[in-house]
Amino acid sequence: MSRSASSRANKRGEPPPSPEPLPAPALDSHTHLDIAVGGEDRLPADDEVDAEIAAAAAVGVTRLVQVGVDVPSSRWSAALAEIDRLAALPRVRAVGETGLDRFRTGPEGWDAQEASFRAHIAIAKRHGIALVIHDRDAHPEILRVLDDVGLPEHTVFHCFSGDAAFARQCLDRGAVLSFAGTLTFGNAGYLREAAAIAPADQLLVETDSPFLTPVPHRGRPNASRLVPHTVRALAEVTGIELPALCDQLTATAERVFGSW
C-alpha cells in the first residue's frame, strides 16, 4: 500500500481507547510504526515511537515486529538500504513482507512480482531468517511458488486471509498463520474457521497497524496496543485459555523471529 493511502487510513478518526490489559505478555507480530505514528508526510520522532511502544506495553503487548513495505521503510526499520544487506543485520529477523498481490497488481506486473518474491525467498534462506508473506487474492499462485522453491524453515502468512481449506494447505507445509483484526469482523466467519483448525504452535496475532482495526473500533486508527482484542477473539475461537494462549503466542514468535 502506498504511503498516501496509508496516511488516509490513519486519519479516519480519533485513536480508540486502549483495551483491558492481557493477563500475560503477548506481542504484535506485524506492525508499521513508521506509518501508524508518522503518516505520509514525515517519519516519526523517537519520542513518538517510544510513546506508542509504551502504550502497547501497558496492555501487555511487550514486543513488536516492525515491518517495512519498501526500501525506504526498511531503511527506517533497520538503518541500511539493500534488502540483502539488511537481512544480515542481527536486528533483522525476517524478510518481508513479500509475496503476490492480484488485487492491486494487474497481469502486466505479475511476472516481476513473482520474480521479486522468489528473490526474497532466496534471501531468507541464505540468511536463515523467517519469511513474512503478503498474499492478496493469490492463494494458488503463492503455493505454486513455495512448492517450486521450498519454504524457509520459518514462514509466516501475514494477515491470513484464506478459508479453512487454504489454511490446511499452509499448515501442512509447516507455515504459521498470523491473524489480524479481521478475525473479529462480523463477516469473517471463514477466518475463524481457519483459525480453529490451526495447532496452537502455528498461530500468531498482529495488528498490521494502522490498518484493520479490530472490533469494537473498526474504522478507527489501529495500533499495537489494540492487539488484546484480537488475542481474546482467538482464544474464543480456539478454546485455549487466555493466559495459556498468550504464552504460546510468545513462544511461537520467539521460535520464528528469535528472542528479543
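# Why the labels fit

Student: Why does W260 count as partly exposed?
Tutor: In this predicted model, W260 has 38% relative accessibility. Buried would need under 20% and exposed over 50%, so 38% makes W260 partly exposed.

Student: And what makes F257 count as buried?
Tutor: F257 comes in at 4% relative accessibility. The cut-off for buried is under 20%, so F257 passes. F257 also belongs to the largest nonpolar core, which holds 65 residues, and F257 is among those touching the most other members, along with F117, F157, F160, L177, F179 and V231. Helix α11, residues 242-257, gives that core its largest share, seven residues.

Student: Is there a general reason for such a core?
Tutor: There's a tendency: in soluble globular proteins, nonpolar side chains tend to be buried together.

Student: How many aromatic pairs turn up in the whole structure?
Tutor: The search finds five. One of them is F160 with F179, with 5.6 Å between centres and 65° between planes. F160 sits in the loop between β5 (155-157) and α8 (164-172), while F179 is in strand β6 (residues 176-179), 19 residues apart, so by this description the pair links distant parts of the chain.

Student: What makes F160 and F179 edge-to-face?
Tutor: Rings pair if their centres lie within 6.5 Å, and planes over 60 degrees apart count as edge-to-face. With 5.6 Å and 65°, F160 and F179 pass both tests, so the label holds. Both F160 and F179 are buried.

Student: Why is the pair of F257 and W260 edge-to-face?
Tutor: Their planes are at 80° and their centres 6.5 Å apart. The angle is over the 60 degree cut-off, so the pair is edge-to-face.

Student: Which residues form one aromatic cluster?
Tutor: That's F157, F160, F166 and F179. Skipping neighbours within four places in sequence, F160 has contacts including F166, L177, F179 and L191.

Student: How do you know that the charged end of R63 sits over the ring of W260?
Tutor: The charged end of R63 is 5.2 Å from the ring centre. The distance limit is 6 Å, and there's an angle test against the ring normal as well. R136 does likewise over the ring of F103, at 3.8 Å from its centre.

Student: What makes R63 and E254 a salt bridge?
Tutor: Their closest N and O atoms are 2.7 Å apart. The cut-off is within 4 Å, so the label applies. This pair links distant parts of the chain: R63 is in strand β2 (residues 61-66) and E254 in helix α11, 191 residues apart.

Student: Why does R63 count as buried?
Tutor: R63 is at 16% relative accessibility, and under 20% means buried. Its partner E254, at 33%, falls between 20% and 50%, so E254 is partly exposed.

Student: What about R104 and D101?
Tutor: They meet in a salt bridge at 3.2 Å, N to O, so the 4 Å test is passed. D101 is buried at 6%, whereas R104 is partly exposed at 42%.

Student: How do you know that the end atoms of helix α3 agree with the expected span?
Tutor: Helix α3 (residues 46-58) has 13 residues. The expected span is 1.5 Å times one less than that number, so it should span 18 Å. Its end C-alpha atoms are 18 Å apart, which agrees. Just after α3, G60 takes a positive phi of about 95°.

How values were computed
Residues are numbered from 1 along each chain as its sequence is written. This is a predicted model: local features need pLDDT of at least 70, side-chain atom pairs count only at pLDDT 80 or more; totals for chains, interfaces and linings use all residues. Side-chain values use heavy atoms; hydrogens and water are left out. A nonpolar core is a set of buried Ala, Val, Leu, Ile, Met, Phe, Trp, Tyr and Cys residues joined through side-chain atoms within 4.5 Å. Buried means under 20% relative accessible area, exposed over 50%, partly exposed in between (1.4 Å probe, protein chains only). Helices (H or I, at least four residues) and strands (E, at least two) are DSSP runs, numbered from the N terminus. Contact means heavy atoms within 4.5 Å. Rings of Phe, Tyr and Trp (its six-membered ring) pair if their centres lie within 6.5 Å; planes under 30 degrees apart count as stacked, over 60 as edge-to-face and the rest as tilted. A charge sits over a ring if NZ of Lys or CZ of Arg is within 6 Å of the ring centre and within 35 degrees of the ring normal. A salt bridge is a side-chain nitrogen of Lys or Arg within 4 Å of a carboxyl oxygen of Asp or Glu.
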